[in-house]
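Subject: Handover of a structure and summary of findings

Dear colleague,

Please find below the structure that I am handing over to you. A summary of what was found in it follows directly after.

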Amino acid sequence: MTSAEAHVKKFRKELHSGIAAMVLLALLERTGEEMYGYQIAKEIGAKAGGASFLKQGAIYPVLRSLHAAGLLSSRVEVSMSGPPRRYYAISDLGREALGTWREVWADLRGFVDSLVEPGGANG
């Protein structure tokens, strides 16, 4: 792997990590109901239209991190057809954080677009 490829990989990982957290909170807010990991993965997959932005295996560490930070609540339910399922819901703190993250995202997206898009920022 070249140095440039390593930088791209690191950039993607860091960018995806923050966006994944925001997307998961937004999805749980939008549905307004508890969901377990596989349901969340299916919903994201359906909305992504086949794009591989957030793979199923990458969702679980983000869910655990959001839960540990108090941004999600969770409960475990026994399943007769398999292992127990952990259901997640956005917490009040999660809603507050999501509101702030949306503002930061909008500001950042506008700024980056103004510099990156052709003809942007004195281009």
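Which residues have the most contacts inside the largest nonpolar core? The model is a predicted one, and in it this core has 23 residues, with Leu24, Ile40, Ile59, Leu66 and Leu72 having the most contacts inside it. Two or more residues each are given to the core by helix 1, helix 2, helix 3 (56-68), strand 3 and helix 4. Helix 1 supplies the largest share, eight residues.

Leu24 belongs to helix 1 and counts as buried, with a relative accessibility of 0%. Its C-alpha atom lies 8.3 Å from that of Ile59, although 35 residues separate Leu24 and Ile59 in sequence.

Overall architecture

The chain contains four helices and three strands. Read from the N terminus, the order of its elements is α-β-α-α-β-β-α. Along the principal axes, the C-alpha atoms fill a box of roughly 60 × 35 × 25 Å. Of the 123 residues in the chain, 26% are buried.

Salt bridges

Five salt bridges are present in the structure. Three of them are described here in turn.

In the pair of Arg102 and Glu29, the closest N and O atoms are 2.8 Å apart. Arg102 is part of helix 4 and Glu29 part of helix 1 (residues 3-31), so this salt bridge ties together parts that are 73 residues apart in sequence. Both partners are partly exposed: Arg102 has a relative accessibility of 36%, and Glu29 has a relative accessible area of 28%.

Arg75 and Glu34 also meet in a salt bridge, at an N to O distance of 2.8 Å. This pair likewise links distant parts of the chain, since Arg75 is in strand 2 (residues 72-77) while Glu34 is in the loop between helix 1 and strand 1 (35-36), 41 residues apart. Arg75 is partly exposed at 33% relative accessibility, and Glu34 is partly exposed with a relative accessible area of 31%. The two residues belong to a network of salt bridges that links Glu34, Arg75 and Glu77.

The salt bridge between Glu43 and Lys47 has its closest N and O atoms 3.3 Å apart. Here the partners are four residues apart within helix 2 (residues 37-48), and about one helical turn therefore separates Glu43 from Lys47. Glu43 is partly exposed, with a relative accessible area of 27%, whereas Lys47 is exposed, at 55%.

Aromatic rings

A pair of aromatic rings is described by the distance of the centres and the angle of the planes. The count in this structure comes to one aromatic pair. The ring centres of Tyr36 and Tyr87 are 5.3 Å apart and the planes stand at 75 degrees; because an angle over 60 degrees counts as edge-to-face, the pair of Tyr36 and Tyr87 is edge-to-face. Tyr36 is in strand 1 and Tyr87 in strand 3 (residues 85-90), so that this pair links distant parts of the chain, 51 residues apart.

Are these two tyrosines buried or exposed? Tyr36 counts as buried at 16% relative accessibility, and Tyr87 counts as buried at 13%.

Tyr87 has a further partner in Arg75, whose charged end sits over the ring of Tyr87 at 4.8 Å from the ring centre. Arg75 thus takes part both in this contact with Tyr87 and in the salt bridge with Glu34.

Surface

Which residues make the nonpolar surface patch of about 650 Å²? The patch is made by Val104, Trp105, Leu108, Phe111, Val112, Leu115 and Val116. One of these residues, Leu115, has its place in helix 4 (residues 92-116). Helix 4 also holds Arg102, the partner of Glu29 in helix 1, and is among the elements that give two or more residues to the largest nonpolar core.

Yours sincerely,
A colleague

Methods:
Residues are numbered from 1 along each chain as its sequence is written. This is a predicted model: local features need pLDDT of at least 70, side-chain atom pairs count only at pLDDT 80 or more; totals for chains, interfaces and linings use all residues. Side-chain values use heavy atoms; hydrogens and water are left out. Patches are made of residues with over 30% relative accessible area and no salt bridge: like charges are joined within 9 Å, nonpolar side chains (Val, Leu, Ile, Met, Phe, Trp, Tyr) within 5 Å. Accessible areas come from the Shrake-Rupley method with a 1.4 Å probe; for residues, only the protein chains shown count as cover. A salt bridge is a side-chain nitrogen of Lys or Arg within 4 Å of a carboxyl oxygen of Asp or Glu. Buried means under 20% relative accessible area, exposed over 50%, partly exposed in between (1.4 Å probe, protein chains only). Rings of Phe, Tyr and Trp (its six-membered ring) pair if their centres lie within 6.5 Å; planes under 30 degrees apart count as stacked, over 60 as edge-to-face and the rest as tilted. A charge sits over a ring if NZ of Lys or CZ of Arg is within 6 Å of the ring centre and within 35 degrees of the ring normal. A nonpolar core is a set of buried Ala, Val, Leu, Ile, Met, Phe, Trp, Tyr and Cys residues joined through side-chain atoms within 4.5 Å.
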